[in-house]
Amino acid sequence: MSQSDMHHAGHARRLSQVCTPRVGLAQVGWGLPRLDLWMDRVWSARDRLMASPRFRHWAAAFPLTRPIARRRSRDLFDLCAGFVYSQVLLACVRLRLFEILAERSMTAHELARRLGMADEPAERLLRAAVSLRLLARRGDDRFGLGPLGAALVGNPGLTAMIEHHAMLYDDLRDPVALLRGECRRTGLSDYWPYAGAERPADLTGTQVAAYSTLMAASQPLIAEEVLAAYPLDRHRCLMDVGGGDGAFLSAAASRFPKLRVVLFDLPAVTQRAMERFRADGLDLRASAVGGDFLSDPLPSGADIVSLVRVLHDHDDEEALTILRAVRQALGPDGTLMIAEPMAEATGAEPVGDAYFGFYLLAMGRGHARTAREITALLRRAGFGGVRRHATAMPLLTGVITARPAD
């Protein structure tokens, strides 16, 4: 073959490579569209059908599709009415209705007197609470706890969060303005002062008191899930970074008597933690170090470091800073444990992307991440051996562990 023939043959091969579609797993057959594009056309056709008033009317009348149509109508209405439902719950919490009915069932008239209101509005509240399974009827005119109301009795973490949401709802009055960045200050950004502080380490005890109390109230639920998913009996020293007033460490030290614990958080927060440790009798096994994990080195010596509801408060670059600081503090055989609600968690999808997505938007920084996104950050920060650990309630938290890469 001449040099000219070889040149033309090579050109033909390159042209063929460019013009001929590569057939892979995402394609079906010669020249057919990619599978994902084909499926997109199928779903688009379905969407056009579902959007048709004529089809919706038919589906609501046809016996086989009627249950589906009704269920979807109910789901859509629940989205519209969700704020009203939440306010019914808030009213019950503020009136201590669940604690009252934990004593015994009562008539509507008795409850009206206990709640300090007339019979008619009391009846309105009670009927609303029954419809939401917060209460249940006990005969014609008696009311007791429903399955959801009973779960709130003796649960200060949940009731504290319900009260706290009044601030979130106020920040979400105009969600479009929030998404466009037109809300310069929000109630949540003020409530979590470290989110916008230039020097978080300078915050005072008064400034950190409100959010520290809220986190402590909800921490027992999280600690129970985390410690069941990843037992700490194989470790000797746990450092909790951003651990607030030490509620998680107290729970860990109580469950594992040989475990030493170290807390790292802002100086004003560590003072509260030491008070908790003394009250819990952990003086000999617990210590607290003050600093800013975005700018200060972390103490060394722990063989496991935990980040409990910390990463999702920060954008990617800050999250990487935290992870790299942990990598520096851990020895080669150390373990990092991340515990927080995760996006796309099976059975709890709206919690990550909808609830925490907008909560953190109102707060001013951070976002819920999928396990895959957290894994990518871990690898960028120098970690490997990433493992997910199943939790009983993924709605509350997921758990991921990793080890320093070689």
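This section describes salt bridges, surface patches, a buried loop residue and backbone angles in a predicted model.

Across the whole structure, the search identified 11 salt bridges. Three of these pairs are considered here, beginning with the one formed by R276 and D245, whose side chains approach to 3.1 Å between N and O. This pair connects distant parts of the chain, its members being 31 residues apart. R276 belongs to helix α14, which spans residues 267–279, whereas D245 lies in the loop that runs between β4 (237–241) and α13 (247–255). The two partners also fall into separate accessibility classes. D245 has a relative accessible area of 11% and is therefore classed as buried, the limit for that class being under 20%. R276, with a relative accessibility of 26%, is partly exposed.

A second salt bridge joins the side chains of D190 and R185, with an N to O distance of 2.0 Å. R185 has a relative accessible area of 55% and is therefore assigned to the exposed class, for which the value must be over 50%. Its partner D190 reaches 45% and counts as partly exposed. In the third pair, E110 is bridged to R104, and the closest N and O atoms are separated by 3.5 Å. Both ends of this bridge are partly exposed: the relative accessible area of E110 is 27%, and that of R104 is 42%.

Residue T186 occupies the loop between α10 (175–179) and α11 (187–191). The relative accessible area of T186 is 8%, so this residue is buried. When neighbours within four places in sequence are set aside, T186 makes contact with D171, L178 and A362.

Two surface patches were also examined. The first is negatively charged and brings together E344, E349, D353 and E373. Within this group, E344 is placed in the loop between β8 (335–340) and α16 (349–363). E344 has a relative accessibility of 48% and is accordingly classed as partly exposed. The second patch is nonpolar, consists of L35, W38 and V42, and covers about 260 Å² of the surface. V42 is part of helix α2, comprising residues 35–50. With a relative accessibility of 35%, V42 is partly exposed; because patch membership requires over 30% relative accessible area, V42 meets that criterion.

The backbone angles of two arginines were then considered. Most residues other than glycine have a negative phi. In R96, by contrast, phi is positive and near 55°, although the residue is not glycine. R96 is situated in the loop between α4 (66–94) and α5 (97–103). R309 likewise shows a positive phi, of about 55°, without being a glycine. The loop that contains R309 runs between β7 (304–308) and α15 (316–329). R309 has a relative accessibility of 13% and is therefore counted as buried.

Methods. Residues are numbered from 1 along each chain as its sequence is written. This is a predicted model: local features need pLDDT of at least 70, side-chain atom pairs count only at pLDDT 80 or more; totals for chains, interfaces and linings use all residues. Side-chain values use heavy atoms; hydrogens and water are left out. Patches are made of residues with over 30% relative accessible area and no salt bridge: like charges are joined within 9 Å, nonpolar side chains (Val, Leu, Ile, Met, Phe, Trp, Tyr) within 5 Å. Accessible areas come from the Shrake-Rupley method with a 1.4 Å probe; for residues, only the protein chains shown count as cover. A salt bridge is a side-chain nitrogen of Lys or Arg within 4 Å of a carboxyl oxygen of Asp or Glu. Lys and Arg count as positive and Asp and Glu as negative; His and the chain ends are not counted. The place of a charge is taken as NZ of Lys, CZ of Arg, CG of Asp or CD of Glu. Helices (H or I, at least four residues) and strands (E, at least two) are DSSP runs, numbered from the N terminus. Buried means under 20% relative accessible area, exposed over 50%, partly exposed in between (1.4 Å probe, protein chains only). Contact means heavy atoms within 4.5 Å.
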